[in-house]
2 protein chains.
Amino acid sequence: MSQDGRKQKAATDLRTLLRLPRGEQIDLAAYDTRAVPAGPGGKSAGRAATARLGKRLAGLQERLWAAGLTGDRRRVLLVLQGMDTSGKGGTIKHVVGLLNPAGCRVMGFRAPTPEEREHHFLWRIERELPRPGELGAFDRSHYEDVLVPRVRALVPRDEIERRYDEINRFEQRLVDDRITVVKCFLHISYEEQRRRLLRRLDRPDKRWKFSPGDIDDRALWPAYQEAYEIALHRCSTPYAPWYVIPADRKWYRDWAVARLLLEHLHALDPRYPEPDYDLEECRERLLKGA
Amino acid sequence: MSQDGRKQKAATDLRTLLRLPRGEQIDLAAYDTRAVPAGPGGKSAGRAATARLGKRLAGLQERLWAAGLTGDRRRVLLVLQGMDTSGKGGTIKHVVGLLNPAGCRVMGFRAPTPEEREHHFLWRIERELPRPGELGAFDRSHYEDVLVPRVRALVPRDEIERRYDEINRFEQRLVDDRITVVKCFLHISYEEQRRRLLRRLDRPDKRWKFSPGDIDDRALWPAYQEAYEIALHRCSTPYAPWYVIPADRKWYRDWAVARLLLEHLHALDPRYPEPDYDLEECRERLLKGA
């Protein structure tokens with residue numbers, strides 16, 4: 001391959017392209033929510049490309065799952081965060097939905113229950129981690145605990161500060177335990193959120209997703225963006241970086257998350273376990289009437 | 001609708017057609033494992049019909065899920081049992097795989113761990129039940145505890161006898177707690193199992209599913225069939241009946257399980273929750289700049 005070819009390949013690696021730059025303060029407003037970096041040419045091409053990625057993803061997932069049954073501890077955790085209507089649920093439906101559900105563990109985290117509040121904020125997260133061979137997907141996560149409490153001043157500021165470090169140490173431990181952590185911030189614009197909320201009101205089959213509190217929260221949009229900027233900055237580490245997914249276009253969001261997962265699974269290169277039995281002998285036994 | 005029309009409709013209701021008859025001793029050998037009762041005309045028509053069922057299933061599942069978020073405790077538990085290679089995993093992949101994974105809870109039960117052995121055999125089952133709004137799917141289940149221990153005489157016979165009653169009381173409690181229990185026995189023939197085991201040996205991407213113990217178990221085929229006959233007979237109740245799915249043809253198996261699920265979900269008739277907010281007021285707020 002020519003050097004140009006290699007360069008081009010590197011440029012279309014979404015792990016490079018969408019990864020949050022290290023060390024810099026982040027200005028989310030500077031990220032175009034309608035961008036389609038390295039993406040297919042449009043909606044229908046995008047949907048078709050995602051379906052093709054799905055087949056490759058499912059193949060790699062099956063290998064990971066098979067390896068997990070025979071002692072390989074590796075697994076993948078997809079963490080989805082983003083403002084209301086940013087498409088966390090849609091991504092699970094359309095991307096994780098491409099995989100074999102037997103190997104998936106999906107968890108949506110809502111406001112903590114009284115029991116959960118009695119524990120450290122990472123307690124409920126720990127319990128829902130993927131087991132060896134699984135692909136876990138979190139719709140919201142431990143990051144909620146540095147977003148809502150910060151914006152609504154529910155927790156002293158020094159406690160919030162401590163949480164960023166606790167999250168980093170926690171994720172370091174997950175990575176050390178062979179969990180590949182893929183954290184995606186689904187980035188939508190204020191205007192796109194308005195359109196999506198209106199759409200939820202318009203469609204009888206979408207109204208259940210709506211709450212008037214979603215409108216109240218829009219008044220806090222700048223505070224939430226700032227809380228995200230800080231969380232993404234503080235908790236994007238070399239071992240568990242954040243990816244910023246332009247998410248105003250649903251087809252791009254799905255394609256990009258599927259592609260990111262594929263790149264990570266591809267790098268893991270999971271293998272079907274080698275048979276630990278005598279293949280020919282077993283075949284003989286079956287053919288001879290067993 | 002004419003009376004004939006009604007009769008025909010009743011005849012194609014798989015809940016009637018595949019339901020284990022009450023009260024009679026069962027002879028599994030009398031059930032044709034290649035039959036396609038009320039099924040589509042063949043493999044490709046069957047696959048297409050299953051895909052269509054999938055869309056309707058996914059729609060009902062979303063309603064069940066939405067209702068579950070607002071207090072409706074109803075959920076569905078699909079229990080899959082059958083001899084090795086009968087297609088429990090395949091059914092989850094191809095039928096549960098049609099649904100939104102966010103609303104599914106899939107569990108495969110293997111030989112009990114030391115911790116599980118310290119508890120009652122229903123303990124590990126209880127922990128994996130679907131939550132309100134979810135569709136749970138069990139690849140093997142509490143029925144393993146009246147199959148393997150019986151065939152291999154691991155547990156005194158009177159203990160096994162007690163377990164049938166315990167299972168029935170347990171399932172009664174689930175049903176009282178608004179869980180619709182759909183129990184499917186995937187019925188394959190001895191010859192079909194041989195073909196599938198050979199296929200697992202032939203295909204490098206299938207060998208991980210094979211163990212030489214699967215051949216040893218074939219010597220116990222009649223004992224397992226008898227253990228199934230007793231379990232199905234003793235534990236097919238009006239509130240949680242067993243369905244016998246002819247499973248030599250994979251396309252029919254998938255279609256039949258999808259169809260059974262659809263019939264049960266259709267009977268539940270889950271509804272999107274009604275908005276508890278003022279729709280017009282919310283729309284106004286958003287349109288006026290909120």
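A:Arg163 lies over the face of A:Phe121, 4.8 Å from the ring centre. In chain B, the charged end of B:Arg218 sits over the ring of B:Tyr190, at 3.8 Å from its centre. A charge counts as over a ring if NZ of Lys or CZ of Arg is within 6 Å of the ring centre and within 35 degrees of the ring normal.

This is a predicted model, in which local features need pLDDT of at least 70, side-chain atom pairs count only at pLDDT 80 or more, and totals for chains, interfaces and linings use all residues. Residues are numbered from 1 along each chain as its sequence is written, chains are lettered from A and ligands numbered from 1 in the order in which they are written, and side-chain values use heavy atoms, with hydrogens and water left out.

**Aromatic pairs**

The whole structure holds 16 aromatic pairs over all chains. Rings of Phe, Tyr and Trp (its six-membered ring) pair if their centres lie within 6.5 Å; planes under 30 degrees apart count as stacked, over 60 as edge-to-face and the rest as tilted. Two of the pairs are tabulated.

| Pair | Centre to centre | Angle between planes | Type |
|---|---|---|---|
| A:Phe109 and A:Phe138 | 4.9 Å | 90 degrees | edge-to-face |
| B:Tyr190 and B:Trp221 | 5.3 Å | 75 degrees | edge-to-face |

A:Phe109 lies in the loop between β2 (104-108) and α5 (114-117) of chain A, and A:Phe138 in strand β3 (residues 135-139), so the pair ties together parts that are 29 residues apart in sequence. Helices (H or I, at least four residues) and strands (E, at least two) are DSSP runs, numbered from the N terminus. A:Phe109 is buried at 3% relative accessibility. A:Phe138 is buried too, at 0%. Buried means under 20% relative accessible area, exposed over 50%, and partly exposed in between (1.4 Å probe, protein chains only).

The chain B pair links two helices. B:Tyr190 is in α9 and B:Trp221 in α11, so parts 31 residues apart in sequence are tied together. B:Tyr190 is partly exposed at 28% relative accessibility, whereas B:Trp221 is buried at 10%. Back in chain A, A:Trp251, A:Tyr252 and A:Trp255 form one aromatic cluster.

**Helices α9 and α11**

Helix α9 of chain B (residues 190-202) has 13 residues. It reaches 19 Å from first C-alpha to last, close to the 18 Å expected at 1.5 Å a residue. The expected span is 1.5 Å times one less than the number of residues. Buried residues of α9(B) include B:Glu192, B:Arg194, B:Leu197 and B:Leu201. Their cover includes α13 (279-287) of chain A, and α10 (212-218), α11 (221-234) and α12 (250-268) of chain B.

Helix α11 of chain A (residues 221-234) has 14 residues; its end C-alpha atoms are 20 Å apart, in agreement with the 20 Å expected. Among its buried residues are A:Trp221, A:Tyr224, A:Tyr228 and A:Leu232.

In chain B, B:Tyr224 is in helix α11. B:Tyr224 is buried at 9% relative accessibility. Leaving aside neighbours within four places in sequence, B:Tyr224 is in contact (heavy atoms within 4.5 Å) with B:Met83, B:Leu147, B:Val148, B:Val151, B:Arg152 and B:Asp217. The C-alpha atoms of B:Tyr224 and B:Arg150 are separated by 8.7 Å, with their places 74 residues apart along the chain.

**Positive phi in two loops**

Most residues other than glycine have a negative phi. A:Thr85 has a positive phi, near 70 degrees. A:Thr85 is in the loop between β1 (75-82) and α4 (88-94) of chain A. A:Thr85 is buried at 7% relative accessibility. Beyond neighbours within four places in sequence, its contacts are A:Ile188, A:Gln193, A:Arg196, A:Leu197 and A:Arg200.

B:Arg140 also has a positive phi, of about 70 degrees. B:Arg140 lies in the loop between β3 (135-139) and α7 (148-151) of chain B. B:Arg140 is partly exposed at 22% relative accessibility.

**Symmetry and annotation**

A turn of 180 degrees and a shift of 0.0 Å along the axis lay chain A on chain B with an RMSD of 0.0 Å. The two copies are thus related as by a two-fold rotation axis. The same surface serves both: 100% of the contact residues of chain A recur in chain B. Superposition is by least squares on the C-alpha atoms of residues with pLDDT of at least 70 in both copies.

An unreviewed UniProt entry annotates residues 44-268 of chain A as "domain: Polyphosphate kinase-2-related". UniProt positions are given in the numbering used here, feature names are shortened, and annotations may be inferred rather than shown by experiment. The span is 52% helix and 14% strand, and its end C-alpha atoms lie 30 Å apart.
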